[in-house]
Amino acid sequence: IEQLQVRDSLRMYNSLVERCFTDCVDSFKRKTLDKQEETCVRRCAEKFLKHSMRVGLRFAELNQGAPTPD
Amino acid sequence: IEQLQVRDSLRMYNSLVERCFTDCVDSFKRKTLDKQEETCVRRCAEKFLKHSMRVGLRFAELNQGAPTPD
Amino acid sequence: IEQLQVRDSLRMYNSLVERCFTDCVDSFKRKTLDKQEETCVRRCAEKFLKHSMRVGLRFAELNQGAPTPD
Amino acid sequence: MAEKEMEYRVEMFNKLTHTCFQKCVESKYKDSELNMGENSCIDRCVAKYWQVTNLVGVLLGNNRPM
Amino acid sequence: MAEKEMEYRVEMFNKLTHTCFQKCVESKYKDSELNMGENSCIDRCVAKYWQVTNLVGVLLGNNRPM
Amino acid sequence: MAEKEMEYRVEMFNKLTHTCFQKCVESKYKDSELNMGENSCIDRCVAKYWQVTNLVGVLLGNNRPM
């Protein structure tokens with residue numbers, strides 16, 4: 001439950017945006033995202049969410065003293 | 001108003017100091033700032049403030065759904 | 001006293017862990033720390049604590065307007 | 001809740017400011033003015049950051065506009 | 001105190017997430033799935049981060065397990 | 001207000017500690033002592049950080065020191 005809250009938190013949202021923006025947007029010749037940047041942001045965000053869910057699961061297991069996968 | 005508070009916030013002050021220190025001070029042979037470092041810090045701080053005011057304006061426009069300059 | 005609280009704070013603990021992990025652990029072929037990584041983490045943590053105690057002392061002196069060592 | 005939302009916006013503004021400064025302002029600090037190139041970079045950076053925020057918000061299932 | 005402890009855990013989780021993403025996930029984002037290599041890297045990264053947290057806790061004289 | 005001020009000082013102390021560690025302490029960690037060079041670098045780093053804080057404070061129109 002705690003991990004779920006953390007994952008859904010606004011702080012996570014902010015740091016996801018910052019990371020995906022930093023990694024995907026480097027050109028400022030236009031004021032709108034081009035197709036490539038948008039795709040990059042989508043993938044980045046999806047990967048980050050999957051990543052953070054996985055981290056949340058492992059973290060919960062460790063908090064409960066469960067054995068970790070090798 | 002919100003943006004003004006943000007801009008004036010102590011957190012902004014702290015991050016301005018950290019950024020300008022990191023970018024401008026690299027030598028630790030003396031314990032006082034030399035002239036060049038001081039100039040660099042002044043410019044950095046002024047640029048950062050102008051920057052953050054501009055960001056605040058644009059941010060406020062977007063929050064109100066205004067069109068952005070191209 | 002203030003500095004002591006800061007030094008002991010959980011936030012300091014977190015940032016110490018993050019720094020020493022980032023600097024010392026780079027291989028993820030195993031799920032346990034090897035001897036070298038463990039040694040690195042120990043030294044890193046001890047250095048960081050000594051460092052932060054020293055910073056705390058100097059910071060306190062400056063807060064009280066004391067002259068700083070040259 | 002409203003307080004958390006407010007804190008979130010402050011944090012977002014700080015991250016945005018930090019990131020766009022990094023991306024747009026040259027770190028040699030040769031003078032204390034923002035030049036034209038920096039200014040238009042900043043405007044576009046803010047606009048794009050905003051779009052990324054909205055795009056991510058949609059992916060996360062936020063239905064209120066950010 | 002319990003609240004501070006909670007806040008500490010949230011912060012720890014966020015740092016851990018951030019650091020392991022940096023260490024394990026390639027930043028080209030060629031697709032939106034985590035591949036097998038990334039997944040096992042993440043698991044080991046979390047496990048090692050945990051160990052570092054405990055190791056540092058012992059050095060700091062924490063007697064409760066983290 | 002006093003609480004915010006306090007929080008600000010804690011944050012400042014943390015940033016200062018982080019930054020001076022980065023600037024002064026070699027990250028190979030060959031041993032667990034700070035050597036003489038690192039120690040004097042730390043002292044000067046703190047002193048200069050302090051000066052930058054004051055300098056910026058003046059620019060921002062703070063009339064209280066620090």
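Helices here are DSSP runs of H or I with at least four residues, numbered from the N terminus. With that in hand, let's work through some exercises on this predicted model.

**Exercise 1. Place C:Lys47 in its helix and decide whether C:Lys47 is buried or exposed.**

Step 1. Start with the helix: C:Lys47 belongs to α3 of chain C, which covers residues 35-63.

Step 2. Next, compare the accessibility with the cut-off. Buried means under 20% relative accessible area. C:Lys47 has 1% relative accessibility, so C:Lys47 counts as buried.

Step 3. Now look at the surroundings. Setting aside neighbours within four places in sequence, C:Lys47 is in contact with residues of chain F including F:Phe21, F:Tyr29, F:Asp31 and F:Leu34. The side chains of C:Lys47 and F:Glu26 are also joined by a polar contact of 3.5 Å.

**Exercise 2. Describe the interface of chain E and chain A, from its area down to its residues.**

Step 1. Begin with the contacts: 31 residues of chain E touch 27 residues of chain A. The two chains bury about 2800 Å² between them, and 65% of this lies on carbon and sulfur atoms.

Step 2. Find the main contributors. E:Phe13, E:Phe21 and E:Tyr29 provide 25% of the area that chain E buries against chain A, more than any other three residues.

Step 3. Turn to the polar side of the interface. There are 14 residue pairs in polar contact between chain E and chain A, counting pairs with both residues at pLDDT 80 or more. On the side of chain E that touches chain A, the elements giving two or more residues are α1 (2-24) and α2 (36-59) of chain E. The largest share, 13 residues, comes from α1(E).

Step 4. Sort that side of chain E by class: 15 residues are nonpolar, seven are polar and nine are charged.

**Exercise 3. Explain how E:Glu38 links chain E to chain A.**

Step 1. Recall the principle: side chains of opposite charge can pair when their charged atoms come close.

Step 2. Apply it to the pair. E:Glu38 forms a salt bridge with A:Lys47, with the closest N and O atoms 3.1 Å apart. Because E:Glu38 lies in helix α2 of chain E and A:Lys47 in helix α3 (residues 35-63) of chain A, the pair joins two chains.

Step 3. Check the burial. E:Glu38 has a relative accessible area of 4%, so it is buried. In fact, both E:Glu38 and A:Lys47 are buried.

Step 4. Add the other contacts of E:Glu38: beyond four places in sequence, these include E:Cys24, E:Val25, E:Glu26 and E:Glu33.

**Exercise 4. Trace further salt bridges between chains.**

Step 1. Take E:Asp43 and A:Arg58, whose side chains meet in a salt bridge at 2.9 Å, N to O. This pair runs from helix α2 of chain E to helix α3 of chain A.

Step 2. Compare each partner with the cut-off for buried, under 20%. E:Asp43 is buried at 10% relative accessible area, and A:Arg58 counts as buried at 14%.

Step 3. Move to another pair of chains. F:Lys15 and B:Glu18 form a salt bridge, their closest N and O atoms being 3.2 Å apart. F:Lys15 sits in helix α1 (residues 2-24) of chain F and B:Glu18 in helix α2 (residues 10-24) of chain B, so this pair joins two chains.

Step 4. Finish with the network: salt bridges that share partners connect A:Arg54, A:Arg58, A:Glu61 and E:Asp43.

Conventions
Residues are numbered from 1 along each chain as its sequence is written. Chains are lettered from A and ligands numbered from 1 in the order in which they are written. This is a predicted model: local features need pLDDT of at least 70, side-chain atom pairs count only at pLDDT 80 or more; totals for chains, interfaces and linings use all residues. Side-chain values use heavy atoms; hydrogens and water are left out. Contact means heavy atoms within 4.5 Å. Buried area is the accessible area (1.4 Å probe) that two parts lose on being put together, summed over both. A polar contact is a pair of N or O atoms within 3.5 Å; within protein, one must be able to donate a hydrogen and the other to accept it, and residues adjacent in sequence count only if both atoms are side-chain atoms. Ala, Val, Leu, Ile, Met, Phe, Trp, Tyr, Cys and Pro count as nonpolar, Asp, Glu, Lys and Arg as charged, and the others, Gly among them, as polar. Buried means under 20% relative accessible area, exposed over 50%, partly exposed in between (1.4 Å probe, protein chains only). A salt bridge is a side-chain nitrogen of Lys or Arg within 4 Å of a carboxyl oxygen of Asp or Glu.
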